[in-house]
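Notebook open, structure loaded. I'm going through it piece by piece and jotting down what I look up.

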Amino acid sequence: STVTSQSSSSCSFFAPDAKIEPHVGGAYEVYMDPLANPGMKGADDMRVMAVQPKRMISFDWNAPPHLAEARKQRTFVVVRLEPVGERQTRVTLHHTGWGDGGEWDATYDYFDKAWGAVLGNLKKRFDSGPQDWGPWMDQLRKMHEADAGRTSRQGPQPSSCWRSACSSWSAWPRARRPSERSATARADANALGVLGPIWVPS
């Protein structure tokens with residue numbers, strides 16, 4: 001499957017816009033807010049770390065813009081694809097490399113919700129069709145307009161847009177979490193690796 005490794009396919013479930021170059025060192029940029037200023041669109045400036053075609057892709061990752069201190073750091077995501085019979089593929093996502101305390105906790109909580117939504121959208125993409133980003137984009141436009149009216153500073157304020165828009169993640173099933181939320185537990189591949197698996201058509 002190429003849905004996790006091509007820009008156009010990723011827009012069918014991951015985000016409204018993306019720039020993905022499926023080779024080592026290539027871009028893996030996913031823009032949850034394409035209307036934001038450069039550097040504030042989502043996973044800006046992320047890179048592919050490793051690729052095994054139709055089997056695995058890994059990339060570095062960052063926190064959303066409203067978590068500015070954690071966003072300066074990088075975590076690590078591995079997506080594995082495993083054929084299950086002739087018509088299904090098992091998709092498993094591991095997200096690791098966490099720090100502890102402060103905005104690290106908030107970032108972990110954010111992706112604890114967000115990855116469930118992303119994998120849910122991926123399954124939906126095969127079950128009933130691609131994600132309709134129209135309502136999401138309408139919501140973002142309204143928030144950007146409201147931010148522009150409240151501030152004289154140039155550009156939108158990511159804290160307002162991201163906190164509001166991404167609150168919709170809470171409607172999705174959450175990943176099963178380890179009971180121990182220490183830095184040691186998060187460093188283990190199972191910290192968010194238990195998210196999934198899901199099965200999609202091959």
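Started with D127, which makes a salt bridge to K123, with 2.7 Å between the closest N and O atoms. I checked where the two sit: both are in helix 3, four residues apart, about one turn of the helix. D127 comes out as exposed at 52% relative accessibility, a value that lands over the 50% cut-off. K123 is partly exposed, at 36%. Worth keeping in mind that this is a predicted model.

How many salt bridges does the structure hold? I get five, and I looked up two others besides the one above.

Next entry is R141 with D138. Their side chains meet in a salt bridge at 3.1 Å, N to O. Both belong to helix 4 (residues 134–150), and because they are three residues apart there, about one helical turn separates them. R141 has 38% relative accessibility, so I noted it as partly exposed. D138 is also down as partly exposed, at 42%.

Then E82 and R90: another salt bridge, the closest N and O atoms being 3.7 Å apart. That sits within the 4 Å limit for calling a salt bridge. I have E82 as partly exposed at 42% relative accessibility, and R90 as partly exposed at 28%.

Back to helix 3, which covers residues 103–127, this time for T107. Is T107 buried or exposed? Buried: its relative accessible area is 2%, and the cut-off is under 20%. I then asked what T107 touches once neighbours within four places in sequence are set aside, and found A63, L67, A70 and W98.

On to the strands. I find an open sheet of three, in the order 1-2-3, with antiparallel pairing. Strand 1 (17–20) and strand 3 (42–43) are at the edges with a single partner strand each, so each has one side without a neighbour in the sheet. Strand 2 (residues 28–31) runs antiparallel to strand 3, and two bridges join them. I looked up V30 in particular: its bridge partner in strand 3 is A43.

Last, the confidence numbers. The chain averages a pLDDT of 77, and 71% of the residues score at least 70. Where does pLDDT stay under 50? Over residues 169–197, I see, and for that stretch the model has 67 contacts beyond four places in sequence. I'm flagging residues 169–197 in the margin with their pLDDT under 50.

Methods. Residues are numbered from 1 along each chain as its sequence is written. This is a predicted model: local features need pLDDT of at least 70, side-chain atom pairs count only at pLDDT 80 or more; totals for chains, interfaces and linings use all residues. Side-chain values use heavy atoms; hydrogens and water are left out. Buried means under 20% relative accessible area, exposed over 50%, partly exposed in between (1.4 Å probe, protein chains only). Contact means heavy atoms within 4.5 Å. Two strands pair if DSSP finds at least two bridges between them. pLDDT is the predictor's confidence in each residue, from 0 to 100.
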